[in-house]
Amino acid sequence: MTRFRQYVNELFHWNEQMKQFLNSQEVEENSELWNQLDVFTELIENTNRELSHEELLQLQAKAENIHEQMESYFKRKQEGVVGTIFVLEKEVPAGGHTLPELSYSYHALEPYISEQIMRLHHDKHHRSYVNGLNKAELNLKKARENNDFSLIKHWSRELAFHGSGHYLHTIFWRNMSPNGGGDPQGILKQAIEDYFGSISTFKKQFSEAAKQVEGVGWAILVWSPIAKHLEILQTERHMLLTQWNTVPLLVIDVWEHAYYLQYKNDRSSYVDNWWNIVNWHDVEMRFEKAADKNWPAI
Ligand code: MN
């Protein structure tokens with residue numbers, strides 16, 4: 001896919017996300033924001049030829065403009081000028097975790113990750129983390145009710161293992177896309193270059209971290225709200241060697257179940273191929289939220 005097509009696809013994706021967001025925030029249908037997004041949709045839907053650099057910049061400026069308007073709308077909404085903000089994300093009660101659906105099909109990441117791996121990994125492995133986390137939470141709830149904490153060490157381990165497993169896999173699925181690949185853009189690109197020197201140096205270190213995880217685990221790009229810089233961590237299993245109060249942005253699973261059926265013991269090829277499916281748009285969105293200056297550093 002050309003860089004241009006990829007960019008237009010990203011705009012489509014962004015447009016869809018904005019619509020979902022407006023829906024989730026119950027913005028009224030006659031709102032100016034909806035009109036703006038509709039006009040924008042029409043614009044990119046009719047974009048079927050290579051645009052000049054200037055035209056692309058104009059398109060980008062339009063997207064940024066809509067984004068700014070949305071920001072100011074929601075800021076006013078928060079300040080009570082246009083009513084209350086509706087937060088539809090539900091709190092998960094103890095034992096209430098569910099397996100998140102993938103936004104693409106099991107075969108969508110082929111040839112880089114096979115359908116068989118994706119099916120087992122998501123439906124079996126991830127599901128077992130969800131079940132394990134629910135079980136740990138329910139047993140700890142029971143412990144509180146019975147005031148019996150004799151098994152707290154066991155359930156705390158289960159909570160950390162399955163909880164980290166569930167949360168990391170949730171990020172991992174979103175970190176990938178059939179339309180992925182390429183390099184990061186915008187402020188994430190800047191932040192990577194500032195700290196690691198260049199995108200290629202970052203990719204080199206991240207790949208080495210993934211390849212050299214001792215035993216099973218993950219390589220994780222995090223944002224530290226305290227240091228205000230990015231960092232690359234390795235974690236063994238899901239929860240050892242972590243650095244708390246960092247925000248995972250991009251993660252790769254290097255447990256054998258993530259690649260063995262296809263790559264056997266060649267973790268290295270799996271890691272190298274994985275870059276072809278990285279959903280940088282998702283990583284950028286996560287970074288923008290995590291690096292928000294309003295994020296409390298404590
Ligand atoms: Mn896994």
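**A tour of the sheet and its helices**

Select the three strands: they form an open sheet in the order β2-β1-β3, with antiparallel pairing. The model you are looking at is predicted. At the edges lie β2 (229–236) and β3, each of which pairs on one side only. Neighbouring strands here are turned against each other by 20° on average, with direction ignored.

Next, add residues 152–174, which make up helix α5. Helix α5 packs on the sheet and touches β1 and β3. Its direction makes about 80° with that of β3. Then add residues 280–290, helix α10. Helix α10 also packs on the sheet and touches β1 and β3, but its direction makes about 150° with that of β3.

Hide the helices and keep residues 217–224, strand β1, together with β3. These two strands pair in the antiparallel sense over 6 bridges. Strands of a sheet pair through backbone hydrogen bonds, either parallel or antiparallel. To find one place along this pair, select Ile220, which stands opposite Val251 in β3.

Now stay on β3, residues 247–253. How many of its 7 residues are buried? The count is 6, and the strand is mostly covered. In the protein chain of 298 residues, 22% count as buried.

Finally, show the whole chain. The protein chain has 10 helices and 3 strands. Followed from the N terminus, the elements run α-α-α-α-α-α-α-β-β-β-α-α-α. Look also at which parts of the chain meet: of the contacts between residues at least 6 apart in sequence, 66% join residues at least 24 apart.

Methods: Residues are numbered from 1 along each chain as its sequence is written. This is a predicted model: local features need pLDDT of at least 70, side-chain atom pairs count only at pLDDT 80 or more; totals for chains, interfaces and linings use all residues. A residue is buried if 20 or more other C-beta atoms lie within 10 Å of its own, exposed if 12 or fewer, and partly exposed in between; C-beta atoms are placed from the backbone. Helices (H or I, at least four residues) and strands (E, at least two) are DSSP runs, numbered from the N terminus. Two strands pair if DSSP finds at least two bridges between them. Two residues are in contact if their C-beta atoms, placed from the backbone, lie within 7 Å. Axes are lines fitted to C-alpha atoms, for helices over the stretch in contact, and angles run from 0 to 180 degrees between N-to-C directions.
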